[in-house]
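I opened the notebook to record what I looked up today. The entries follow in the order I made them.

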Amino acid sequence: MTHAITIDNLSYRAGQHFAIRDLRMRVPNGSVYGFLGPNGSGKTTTLRLLLGMLPPADGTITVLGHEIPRGAHRALARIGYVPERLHLYPMLTVAETMRHHASFYPTWDATEAERLRRTFDLRAEQRVGRLSKGEAGKLMMLLALAVRPELLVLDEPTDGLDPVVRRDVLAALLEYVSAHGATVLVSSHLVHEQERICDWIAVMDGGRLVAEMPMHAFRSGIKRLRIAGPPPLTTPAPFGILARRAGTGREEEWVVRDWRDDMTSWFAAGDASLREVVDLDLEESFVETLRAARDAGGRAA
Amino acid sequence: MFDHIDPRSPTPIYAQIAARVRIAVASGELATGDPLPSVRALAGTLRVNPATVVQAYRELEHDGVVDMRQGSGTFIATLSPEARGHTREQEARRLVRELLEQAARLAICPLDLRRAIDAELGTRS
Amino acid sequence: MFGQTLYVQWKWNRDFLAFYTFVAFTAPLIILWVALPHLGLSSARELVRIGGVVGIAIAVISVCAGMTVAWQGYGVDERLGHIYALSLPVTRTRALVMRATTAFALLTLPVIGVWIGSALAAAQVELPANLHSYAGSLAGRALLAAWLAHACMFALRYSAGRRAKIVLFTLAIVVGSLGFATEAVPSARATIVRTAEFLISNPGPFGVFFGRWTLLDV
């Protein structure tokens, strides 16, 4: 099994319209797979679908070899899940929550759970309902990690957390991943964080995946070109053009993908001169990919 | 030592980590036999993908800068003073390579660059 | 798993259970205390009447306890959007069975209250021979009533939203049309009344609610 998660043709309907349509996704084993996308693009819905919490309208989902939603309860025993909002029973204390959670997972590591509780500075007798946002985030990550999962599914795990807590939560996550080789599927709009930790990236928009590839390919392939002079479009370009915009003066700005350094020669052949090749960080790459996908969708419609 | 890893930089993170180690070795900050942080610890401290750390360490091992010992960790390899000098030379060439890449992006030809270097070195000495 | 579910159910129901246990315990005693001055020399018929009042009180308490526990348990999950419950590695069936059985276990508490309270009340008066097991049998009926009420509310709450509405709607239609038929169609009336009588009196399934709570043939 090379993929921890395999999704094909997934569709989900919320009311009248399709929230997810024809989704195809492959999360490789051992990867830290980042899920990027604007609000409302369907990220949380996709995560809930692959955990068997929502019934799909169409398509197949396989998680850790189990068919979802039929084998969901078996898959869930090997998954650590951190949802968007605190989902734990508010009247229980931290210690009671840990005990309750432990009883459902045969792989629960009590020593590790206790160590994490102390590292995260969570008081055992503190009621869950009275935890601060940061403490709640830490507790949810603690529960997800102490289960010793093979797959971690994280929905905005550090959103709204202050920098210190964010650091602690991510450090614990990455230490676990290094030590156990777990697969991580992390959905977040904090692009710079995704940039650090993910080795795969998927961009979702309007219920569809518009990009899915290794992180280095996504980042290195997308560039912004500053071009002066008439653009030569007589021969097809060896790269993909995501956007063309007017620059300063007579210059044009092109956003391209699948760029390689030797492609400067294509400009040399024509009359245009390539002034600059600008690297885009993940956030800019993400925005340009999104824009291009939406424009393409608009033109097709 | 690893404080300023910039994920937004065009230089991949693993290369930045490896560069830090090389500089530390070249300056004598790290001596033969000194341990590097474990993959697990460094991934946690830097909050980066552990595969990135592994890649950095592997590259360093390939270049003879470190030894990765199964079970014990990663340690600075035995480097003679000549070898250390060689590392400095490698680092210098690496810096120049970065400079050349940046110049290429701004379409500054190597001749102009050389003139600029001479001018700067002239003002410094 | 079961133990922890029981613990959690206990934690979120303990205030209600304490209340119902207290009420169930004191109801027979209070009713007796109120009625005692008006009793003649503890005549059997008077006792039966008191027993009837106690019975109704206990029936109400048991039904309320059962429904509250079912409502409460679901309510907690509902407020959290069911995310936690759905994320746990148990099949829905198993989760529901654990919920229901732990609730049943907890509902024995108010029933024990009934038992002790009515036993104490019964001890205050001289009971005729065939009413000696009054406390025990009352408690037994209370348990059945609580369980049945819980089961009904549980089924309603835990069935998917639309299904529950369909069930309620169908029930309303059935009961409504039966009621209408009883009044408007004289020929059907007799059959309906007889069926209803069977259903609500011993040994029919709902006899636990409507039957005479003193239960012994006095």
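**Entry: helix H3 of chain A.** I listed the buried residues of helix H3 (residues 94-102) of chain A, in what is a predicted model. They are A:Val94, A:Glu96, A:Thr97, A:Met98, A:His100 and A:His101. Next I asked what the buried residues of H3(A) pack against. Within chain A, I found helix H4 (110-119) and helix H5 (133-146). From chain C, I found H1 and H3.

**Entry: domains of chain A.** I looked up how chain A is divided. Domain 1 covers 3-217 and domain 2 covers 223-279. I noted 40 Å between the C-alpha centres of these two domains.

**Entry: largest pocket.** I took down a volume of about 1600 Å³ for the largest pocket. Its lining has 47 residues. Nearest the centre I found A:Asp279, B:Ser9, B:Pro10, B:Thr11 and B:Pro12. Where does the largest pocket lie with respect to domain 1 and domain 2 of chain A? Both domains give residues to the lining, so the pocket lies between them.

I then checked which elements supply at least two lining residues each. In chain A they are helix H7 (191-197), helix H8 (215-221) and strand E14 (273-279). In chain B they are helix H1 (13-27), helix H3 (50-62) and helix H4 (81-105). H4(B) gives the largest share, 9 residues. By class I noted 19 nonpolar, 10 polar and 18 charged residues in this lining.

**Entry: second largest pocket.** I recorded about 890 Å³ of space here. The second largest pocket has 35 lining residues, and those nearest its centre are C:Ala85, C:Leu86, C:Thr91, C:Arg92 and C:Ala95. Helix H2 (72-76) of chain A gives two or more residues to this lining. So do five helices of chain C: H1 (2-35), H2 (44-79), H3 (83-87), H4 (92-124) and H5 (134-158). Which element gives the largest share of this lining? I found H4(C), with 5 residues. The class split is 21 nonpolar, 9 polar and 5 charged.

**Entry: strands of chain B.** I followed strand E3 (residues 73-76) of chain B to its partners. Strand E1 (residues 35-36) runs antiparallel to E3(B), joined by 2 bridges. B:Pro35 has B:Phe75 as its bridge partner. Strand E2 (residues 66-69) also pairs with E3(B) in the antiparallel sense, over 4 bridges. Here B:Asp67 stands opposite B:Phe75. I noted a hairpin formed by E2(B) and E3(B), with 3 residues between the strands. In the turn, B:Gly71 has a positive phi of about 90 degrees.

How values were computed:
Residues are numbered from 1 along each chain as its sequence is written. Chains are lettered from A and ligands numbered from 1 in the order in which they are written. This is a predicted model: local features need pLDDT of at least 70, side-chain atom pairs count only at pLDDT 80 or more; totals for chains, interfaces and linings use all residues. Side-chain values use heavy atoms; hydrogens and water are left out. On a 1 Å grid over the protein atoms alone, a cavity is a set of points where a 1.4 Å probe fits but cannot get out, and a pocket is an open set with protein on both sides within 12 Å along at least five of seven lines; lining residues have an atom within 4 Å of a point. Grid points are joined across faces, edges and corners, and a volume is the space filled by probe spheres set on the points. Ala, Val, Leu, Ile, Met, Phe, Trp, Tyr, Cys and Pro count as nonpolar, Asp, Glu, Lys and Arg as charged, and the others, Gly among them, as polar. Domain bounds come from an automatic or database domain assignment. Buried means under 20% relative accessible area, exposed over 50%, partly exposed in between (1.4 Å probe, protein chains only). Contact means heavy atoms within 4.5 Å. Two strands pair if DSSP finds at least two bridges between them.
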